[in-house]
Amino acid sequence: MKEDDQHCFLRSNIRINTDPCKAGCARLARAGYAGRWAGLEHGVEQRIVEGYTEAAAELIPRYEAVSSSNLYSEVAHLLPELGGRVIDIGAGTGRDAGWLAAKGCCVLAVEPVAAFRRAGASLHQSPRIEWLDDVLPKLPRVLNRGETFDLVLLSAVWQHLDGQQRQLAMPNLRALTAPGGRLFLSVRHGLGAPTRPCFPATAEDAIELAHGNGFRLVLRRSAASIQARNREAGVTWTWLAFHST
Ligand SMILES: C[S@@+](CC[C@H](N)C(=O)[O-])C[C@H]1O[C@@H](n2cnc3c(N)ncnc32)[C@H](O)[C@@H]1O
């Protein structure tokens, strides 16, 4: 097992690089990403995006090896019908966007890592998928569009937001959910890679926050990790599904 997967950045007082991330930005600028940082605030989101960018070549096949139908087996009956509008936030390589598009949904795949967007656009070509570069918690580009969705999906993303960011994100997720629409959120329990900081999260806290922001819990299920590497590291998940009220 790689060292990356044995440790975690589960410290609430994580050190955030407030000095405009000189080393990271310089590295990315050399790699040709400089222009893509316009929407990102300097801080932990930027470090996470940098961590994913550096690991993208290894992560793309790992994400693509996951079966979306297995991943969503517990919540499949709550998916939107044909023609439903979905926003997949932190869409990664677009594996789930492709699966949902094949089911007839129109998907806005929101992903801050350029390498994932490029891979996704090439691997999951569909007129029903649109890619957008944006980042939680504020999602400025998404919110500017003024759209709402039948399903707001955050698969394996919530752990990358700290407590304050979660407070900021939840009203935005509610604003994106159409009347009668749903929010799916997976909550990670366990270790993560130190290069992609994650923060402790509980299902109870997520439920309380969602309930305070116009959502009602309709499903809660525990799930094992689908990725073998995460299973070996003892990572488990809680899937939460909410209705907008
Ligand atoms: C563990 S991956 C999950 C990817 C995909 N949802 C899946 O299930 O395969 C986490 C994803 O969240 C994205 N991400 C991390 N922090 C984010 C943030 N603040 N806003 C939006 N996306 C973020 C990462 O770039 C990455 O694609």
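Student: Let's start with H160. In which loop is the place of H160?
Tutor: Happy to begin there, keeping in mind that this is a predicted model. H160 comes between a strand and a helix, in the loop between β4 and α7.

Student: Is H160 buried or exposed?
Tutor: Count the other C-beta atoms within 10 Å of H160: there are 25. The cut-off is 20 or more. H160 therefore counts as buried.

Student: Leaving aside neighbours within four places in sequence, which residues is H160 in contact with?
Tutor: Two residues from elsewhere in the chain come up here. G192, 32 residues along the chain from H160, has its C-alpha atom 9.8 Å from that of H160, but the contacts, with sequence neighbours within four places left aside, are I48 and C198.

Student: Staying in the loop between β4 and α7, what is the phi of A156?
Tutor: A156 has its place in that loop too, and A156 is one of the residues closest to the ligand. A156 is buried, because 23 C-beta neighbours lie inside 10 Å. Most residues other than glycine have a negative phi. A156 has a positive phi, near 65 degrees.

Student: Which residue in the loop between β3 and α6 has a positive phi although it is not a glycine?
Tutor: Phi is about 45 degrees at this residue. The residue is buried as well, because 22 other C-beta atoms lie within 10 Å. The residue in this loop between β3 and α6 is L139.

Student: Which residues does a cis peptide bond join?
Tutor: Look again at the loop between β3 and α6, where P137 lies. Most peptide bonds are trans. Here omega is about 10 degrees, and the cis bond joins L136 and P137.

Student: Turning to the ligand, which helix gives the most to the shell around it?
Tutor: The shell has 19 residues, with G90, G92, L136, S155 and A156 the closest to the ligand. By character they divide into 12 nonpolar, four polar and three charged. The helix that gives the most supplies four residues, and that helix is α2 (residues 44-64).

Student: Which way do strands β2 and β3 run, parallel or antiparallel?
Tutor: Four bridges join β2 (residues 106-110) to β3 (residues 129-132), and L108 stands opposite E130 in β3. From β2 the chain passes through helix α5 (residues 114-123) to β3 in a right-handed β-α-β crossover. The two strands run parallel.

Student: Which residues touch the most other members of the largest nonpolar core?
Tutor: This core has 49 residues, and elements such as β1 (85-89), β4 (149-154) and β7 (236-244) each supply at least two of them. V152 illustrates the packing: beyond its neighbours within four places in sequence, V152 is in contact with I87, I89, L173, L176, T177 and L183. The residues touching the most other members are I87, V107, V152 and F184.

Student: How many residues are in the other core?
Tutor: This core lies apart from the largest one. Its members include V49, L59, Y63 and V113, and its residues number eight.

Student: One last thing: how many residues of α4 are buried?
Tutor: The buried residues are R95, D96, A97, G98, L100 and A101. Just after this helix, G104 takes a positive phi of about 100 degrees. As for α4 itself, the helix is mostly covered, and of its eight residues the number buried is six.

Key: Residues numbered from 1 in each chain as written. Predicted model: local features only at pLDDT ≥ 70, side-chain atom pairs only at ≥ 80, totals over all residues. Near = placed C-beta within 6 Å. Nonpolar A, V, L, I, M, F, W, Y, C, P; charged D, E, K, R; others polar. Pairing = 2+ DSSP bridges. Right-handed = clockwise from strand over helix to strand, strands pointing away. Core = buried A, V, L, I, M, F, W, Y, C linked by C-beta atoms within 7 Å. Buried ≥ 20, exposed ≤ 12 C-beta atoms within 10 Å, placed from the backbone. Contact = placed C-beta atoms within 7 Å.
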